[in-house]
Protein chains: 4
Amino acid sequence: MTAQLRPAPALHVARWLNAAESLSLDRLRGRVVLIEAFQMLCPGCVSHGLPQAQRVRETFREADVAVIGLHSVFEHHDAQTPVALEAFLHEYRIGFPVAVDAPGENGGLPRTMAAYGMQGTPTLVLIDRQGRRRAQHFGLVPDLRLGAEIMALIAEHEVGTVAPETAADAAAPGCDEAGCSAPEPQGDRPT
Amino acid sequence: MTAQLRPAPALHVARWLNAAESLSLDRLRGRVVLIEAFQMLCPGCVSHGLPQAQRVRETFREADVAVIGLHSVFEHHDAQTPVALEAFLHEYRIGFPVAVDAPGENGGLPRTMAAYGMQGTPTLVLIDRQGRRRAQHFGLVPDLRLGAEIMALIAEHEVGTVAPETAADAAAPGCDEAGCSAPEPQGDRPT
Amino acid sequence: MTAQLRPAPALHVARWLNAAESLSLDRLRGRVVLIEAFQMLCPGCVSHGLPQAQRVRETFREADVAVIGLHSVFEHHDAQTPVALEAFLHEYRIGFPVAVDAPGENGGLPRTMAAYGMQGTPTLVLIDRQGRRRAQHFGLVPDLRLGAEIMALIAEHEVGTVAPETAADAAAPGCDEAGCSAPEPQGDRPT
Amino acid sequence: MTAQLRPAPALHVARWLNAAESLSLDRLRGRVVLIEAFQMLCPGCVSHGLPQAQRVRETFREADVAVIGLHSVFEHHDAQTPVALEAFLHEYRIGFPVAVDAPGENGGLPRTMAAYGMQGTPTLVLIDRQGRRRAQHFGLVPDLRLGAEIMALIAEHEVGTVAPETAADAAAPGCDEAGCSAPEPQGDRPT
């Protein structure tokens, strides 16, 4: 456990997309950081990992959680170029900053991927407010667990909150897909 | 906000199912409590609310979070009887304790439902370790947000953790539905 | 194969719901008939079988295909009563006629269920325009296959068609969830 | 209607992938042909169109239905190159033949896309056994409807069948996700 409480390895970045300037873990210190390592031609990244990262970005306050993509290409280098990645991010409406992982030496794994000991993509890494790696998941991680893990890190040093929900419209009596409305709500509602 | 920090209204229960003995919020003091108010013939409860409550039960430690169902029937009383509910819980493999909400007077809303000012079903209520109502959602609440809300309450007075995940099998190189495995993972893995 | 080309067993019905008058396979002769055998407390029926039957009803012309529910209760008789079924059909917005399968003797399987040799619920039966049973599926059957099986029966004696689709709105250039619109469609479109 | 019964426009193909030799509509005459026009960076193609085309290929007999992909790039030409497409087909396990649509003149729409008057991607085209275009859908088309449309074309000149289903294992009594098994099936089963 203590082994994880060293500072997270630095990011080795060839290029940033969706970012006005270069980012680093040092600059993000004080916030929880979620790194979503992916490849644009990895089906599990496209169907699960990246949409989940987007949901995290929409659910938590930016002041609490920074979401970063990491494009760690370890195969199909000719196809997954920065130009192709840019088109991909545009079509999939991915708005968070994405780092292109620096190529490894002699065709090995990309440098950040290697430094983190990632097994493949998608891999999700959580870094706490003090810059220490606290969780790393290869493959699917359920939303419920992820929400809890993120909030545990947010709550360590200050009281975090999720972004305010859009108020639901008052529902007419009867059932629809979301649920069944009672005819006459009574009693004291929470405010 | 302070209005929510009063003690949560007591449960008015006609009968408990899936429980060796009667429960009460007082007896659950010290744990976060999730109340899933539902009706067995409410489509949104069956497809979303109850499965989500089951996921909460599987994700968090029982010592941290107690999950309780509340069968709050406000329509179709002839169909949603205790006998029918018992069959329903059996077929849908719902294992957590379920309280049958006490009928209202003169055919009004069930008593607990009325005391909580619920608008309909499904309604999810979160109660903190000190017995105070802290959140109440009518209809769908995303897993990511719910996981965060629960953990925020767990973390208020002690460090909570999610249950340990089943270790994923080491993946062979290549892509499958879950993701893409790198050929030779390198570097120091988190332990 | 020839064994299936005998007339389908008659329906043994205790009561019809969602129907102005009693139906029978004889009265439906000339149309393809889909029988969806279900129980209201069978999870697979609620999540898959019944929604699929509703899609069939919306996709094909009524003159080509008749969709009928068959409530074949073989367990939880106290819970799955006609009164409860009526509430269930209302809440789940099931509009097609539903036959309550006649109880078996000595607590055995319901009579129609037994006559068809069904293994359980959901079971989907297809009967051709001449009243002969042509397919019977226990459990899930994919929509693509079912659409093909139904059309094969429709097409045997006359040219059947699916109901006209709602015209899609003209899409603006760019990609959304449904697809990517080209900036300037050219050439001769099919009419 | 008669306008659709002219021969379908010829395919203009720059290159074939997943094919031992070049294909053409003439060579496929006698079978129903499904053309799935897509772009590898079109989200709706990846999540819906291409998986549906794969299901068609698995559901119908090859002797009845030929499934062909058509990569019709009208944007992001630098990203959606033949090399990238090849990697994409590999990672997404797409095994059917894919034609790279011939580029349009002066940067216009690809030639086949233009000849068919397609509005964008995904577009699904059905061609009958005599080589005539019979349906064209832009965006989502439900499986149930598509299965019916394909079978209507198969059935026009000979009796088509869907591929035999894998036999389901005999189910133990009780309910699971797929359905509820009766304790003792009785009566004459269809053979």
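**Figure 1. Helix H5 of chain C, residues 143-154, in a predicted model.** Let's start with a quick length check: 12 residues at 1.5 Å a residue should span 16 Å, and the end C-alpha atoms of this helix are indeed 16 Å apart, so the two values agree. How many of the 12 residues of H5(C) are buried? The count is 11, so the helix is largely enclosed by the rest of the structure. Among the buried residues are Asp143(C), Arg145(C) and Glu149(C), along with Leu144(C), Leu146(C), Ile150(C) and Met151(C).

**Figure 2. Helix H5 of chain D, residues 143-154.** Here the expected span for 12 residues is 16 Å, and the end C-alpha atoms lie 16 Å apart, in agreement. Of these 12 residues, 11 are buried, so H5(D) is largely enclosed by the rest of the structure. The buried set includes Gly147(D), Ala148(D), Leu153(D) and Ile154(D).

**Figure 3. Helices H2 and H5 of chain B packing against each other.** H2(B) covers residues 43-59 and H5(B) covers residues 143-154; their axes are 12 Å apart and meet at an angle of about 45°. That angle makes H2(B) oblique to H5(B). The crossing of the two helices is right-handed. Which residues meet in this pair of helices? From H2(B) come Gln52(B), Arg55(B) and Val56(B), and from H5(B) come Asp143(B), Leu146(B) and Ile150(B). For a helix in general, residues three or four places apart point the same way, because an α-helix has 3.6 residues a turn.

**Figure 4. Gln54 of chain A and its contacts.** Gln54(A) sits in helix H2 of chain A, residues 43-59. Is Gln54(A) buried or exposed? With a relative accessible area of 19%, Gln54(A) counts as buried, the cut-off being under 20%. Beyond its neighbours within four places in sequence, Gln54(A) touches Tyr92(A), Arg93(A), Ile94(A) and Phe96(A). For the wider setting, 54% of the 191 residues of chain A count as buried, and chain A has five helices and nine strands.

**Figure 5. Glu75 of chain C, with contacts in chains B, C and D.** Glu75(C) belongs to the loop between strand S3 (65-71) and helix H3 (82-91) of chain C. Setting aside neighbours within four places in sequence, its contacts are Glu91(B), Gln39(C), Gln80(C), Cys175(D) and Cys180(D). Gln39(C) is 36 residues away from Glu75(C) in sequence, yet their C-alpha atoms are 8.9 Å apart.

**Figure 6. Cis peptide bonds in chains A and D.** In chain A, a cis peptide bond joins Thr121(A) and Pro122(A), with omega about -5°. Pro122(A) lies in the loop between strand S5 (120-121) and strand S6 (123-127). In chain D, Thr121(D) and Pro122(D) are likewise joined by a cis peptide bond, with omega about -5°, and Pro122(D) is in the loop between strands S5 (120-121) and S6 (123-127) of that chain.

**Figure 7. Positive phi angles at Asn18 of chain B and His76 of chain D.** Most residues other than glycine have a negative phi. Asn18(B), though not a glycine, has a positive phi of about 55°; this residue is found in the loop between strand S1 (13-17) and helix H1 (25-28) of chain B. Asn18(B) is partly exposed, with a relative accessible area of 39%. His76(D) also has a positive phi of about 55° without being a glycine, and is found between strand S3 (65-71) and helix H3 (82-91) of chain D. His76(D) is partly exposed too, at a relative accessible area of 24%.

Notes: Residues are numbered from 1 along each chain as its sequence is written. Chains are lettered from A and ligands numbered from 1 in the order in which they are written. This is a predicted model: local features need pLDDT of at least 70, side-chain atom pairs count only at pLDDT 80 or more; totals for chains, interfaces and linings use all residues. Side-chain values use heavy atoms; hydrogens and water are left out. Helices (H or I, at least four residues) and strands (E, at least two) are DSSP runs, numbered from the N terminus. The expected span of a helix is 1.5 Å times one less than its number of residues. Buried means under 20% relative accessible area, exposed over 50%, partly exposed in between (1.4 Å probe, protein chains only). Axes are lines fitted to C-alpha atoms, for helices over the stretch in contact, and angles run from 0 to 180 degrees between N-to-C directions. Angles under 35 degrees count as roughly parallel, over 145 as roughly antiparallel, 65 to 115 as roughly perpendicular and the rest as oblique. A crossing is left-handed if the near helix is turned anticlockwise from the far one by less than a right angle, and right-handed if clockwise. Contact means heavy atoms within 4.5 Å.
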